Amino acid sequence: MACILNIETSTDVCSVAVSQDGACIFHKEDHSGPNHAVSLGVYVDEALSFTDNHAIPFDAVAVSCGPGSYTGLRIGVSMAKGICYARDLKLLAVPTLELLCVPVLLRELVDENALLCPMIDARRMEVYAGIYDRALRPVREVRADIVDSETYKEYLDERPVYFFGNGAAKCMEAINHPNAHLIKGIEPLGKYMFPLAERKFLREEYEDVAYFVPFYLKDFVAKTPKKLL
């Protein structure tokens, strides 16, 4: 296993965690608003001090790569790249929507045949969403959705679908299907990144530190078919 510094800044929450051998051994979170420019450096310094004081060498830095806030992702990725350069570490990119699924799978009683639909809020009735099975295999690619009663009907007619993330609550009235279930309070946090980050580390799925860019929402919109905008 590896020791990984996990950085998550894709939404209004700023969080940093350290994972080692399949466990979270340090984490800090700021839920007071988009304060990444203030909080992230402090939390990273505390994480580095923690590991240095315990003589634990880092193997990699994992950063949430979106979709998400342009400013938040830019700050998080810049910090991750700086640490990788300074300490000669590997860079790992963790998709934000997959990350949102981790606390659901860890904490919730989800039906065996259910699908997971994490949502990042955009504007009005728009969200950025993907659909996954319980093994986090993509059932539908990530894309921008304008949510109405038909958006996820083909999946809801077949089996339960669990919706969560900061874009989910506003969609439930429009979806209005007996197989649609809302899970509240799910946020992308650094302390949940380690299962995905360690899997990438073991598979040697590293990013190029010099050229890596996150999945900004503005770029996502540009690549989305016009009929969805």
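# Exercises on a predicted model

A polar contact of 3.1 Å connects the side chain of Arg 140 with that of Asp 145. The model is a predicted one, and the exercises below start from this contact.

## Exercise 1: Arg 140 and its surroundings

Find the element that holds Arg 140, decide whether the residue is buried or exposed, and list its contacts beyond four places in sequence.

**Solution.**

Step 1. Begin with the secondary structure: Arg 140 sits in strand E8, which covers residues 138-146.

Step 2. Next comes accessibility. The relative accessibility of Arg 140 is 5%, and the cut-off for buried is under 20%, so Arg 140 counts as buried.

Step 3. Now follow the side chain. Besides the 3.1 Å contact with the side chain of Asp 145, the side chain of Arg 140 reaches the backbone oxygen of Ala 129 at 2.9 Å.

Step 4. Finally, collect the contacts. With neighbours within four places in sequence left aside, Arg 140 touches Ala 129, Gly 130, Ile 131, Asp 145, Tyr 152 and Tyr 155.

## Exercise 2: Two buried strand residues

Locate Ile 120 and Tyr 128, and say how each is placed relative to another residue of the chain.

**Solution.**

Step 1. Ile 120 belongs to strand E6 (residues 115-121), while Tyr 128 has its place in strand E7.

Step 2. Ile 120 is buried at 4% relative accessibility, and Tyr 128 is buried at 3%.

Step 3. Look at who touches Ile 120. Leaving out neighbours within four places in sequence, its contacts are Thr 11, Pro 67, Thr 96, Leu 97, Leu 100, Val 127, Tyr 128, Asn 166 and Gly 167.

Step 4. Check the C-alpha separations. Ile 120 and Tyr 211 are 91 residues apart along the chain, with their C-alpha atoms 25 Å apart. For Tyr 128 and Pro 95, 33 residues apart along the chain, the C-alpha separation is 12 Å.

## Exercise 3: Two helices and their cover

Work out how many residues of helix H3 are buried, then name the buried residues of helix H6 and what covers them.

**Solution.**

Step 1. Helix H3 runs over residues 96-107, and nine of its 12 residues are buried, so that the helix is mostly covered.

Step 2. The buried residues of H3 are Thr 96, Leu 97, Glu 98, Leu 99, Leu 100, Cys 101, Val 102, Pro 103 and Val 104.

Step 3. In helix H6 (residues 194-202), the buried residues include Phe 194, Leu 196, Ala 197, Glu 198, Lys 200 and Phe 201.

Step 4. Their cover includes H3 along with strands E1 (3-8), E2 (14-20), E3, E4 (60-64) and E5 (90-94).

## Exercise 4: An aromatic pair

Describe the pairing of Phe 26 with Phe 50 and say which elements it links.

**Solution.**

Step 1. The count of aromatic pairs comes to three. In one of them, Phe 26 and Phe 50 lie 5.4 Å centre to centre with 35° between the planes, a tilted arrangement.

Step 2. This pair links distant parts of the chain: Phe 26 is in strand E3 (residues 23-30) and Phe 50 in helix H1 (residues 36-53), 24 residues apart.

Step 3. Phe 26 is buried with a relative accessible area of 13%, whereas Phe 50 is partly exposed at 22%.

## Exercise 5: Backbone surprises

Where is the cis peptide bond that involves Pro 67, and which loops hold Ala 55 and Leu 136?

**Solution.**

Step 1. Recall the background: most residues other than glycine have a negative phi, and most peptide bonds are trans.

Step 2. The bond from Gly 66 to Pro 67 is cis, with omega near 10°. Pro 67 lies in the loop between E4 and helix H2 (70-87).

Step 3. Ala 55 has a positive phi of about 55° and is found in the loop between H1 and E4. Ala 55 is exposed, at 66% relative accessible area.

Step 4. Leu 136 also has a positive phi, about 60°, and lies in the loop between strand E7 (126-132) and E8. Leu 136 is buried, at 11%.

Step 5. Add Glu 204, just after H6, with a positive phi of about 60°.

## Exercise 6: The largest pocket

Which residues are closest to the centre of the largest pocket?

**Solution.**

Step 1. The largest pocket has a volume of about 160 Å³. Of its 15 lining residues, Gly 165, Asn 166, Gly 185, Ile 186 and Glu 187 are closest to the centre.

Step 2. By class, the lining divides into eight nonpolar, four polar and three charged residues.

Key:
Residues are numbered from 1 along each chain as its sequence is written. This is a predicted model: local features need pLDDT of at least 70, side-chain atom pairs count only at pLDDT 80 or more; totals for chains, interfaces and linings use all residues. Side-chain values use heavy atoms; hydrogens and water are left out. On a 1 Å grid over the protein atoms alone, a cavity is a set of points where a 1.4 Å probe fits but cannot get out, and a pocket is an open set with protein on both sides within 12 Å along at least five of seven lines; lining residues have an atom within 4 Å of a point. Grid points are joined across faces, edges and corners, and a volume is the space filled by probe spheres set on the points. Ala, Val, Leu, Ile, Met, Phe, Trp, Tyr, Cys and Pro count as nonpolar, Asp, Glu, Lys and Arg as charged, and the others, Gly among them, as polar. Helices (H or I, at least four residues) and strands (E, at least two) are DSSP runs, numbered from the N terminus. Buried means under 20% relative accessible area, exposed over 50%, partly exposed in between (1.4 Å probe, protein chains only). A polar contact is a pair of N or O atoms within 3.5 Å; within protein, one must be able to donate a hydrogen and the other to accept it, and residues adjacent in sequence count only if both atoms are side-chain atoms. Contact means heavy atoms within 4.5 Å. Rings of Phe, Tyr and Trp (its six-membered ring) pair if their centres lie within 6.5 Å; planes under 30 degrees apart count as stacked, over 60 as edge-to-face and the rest as tilted.
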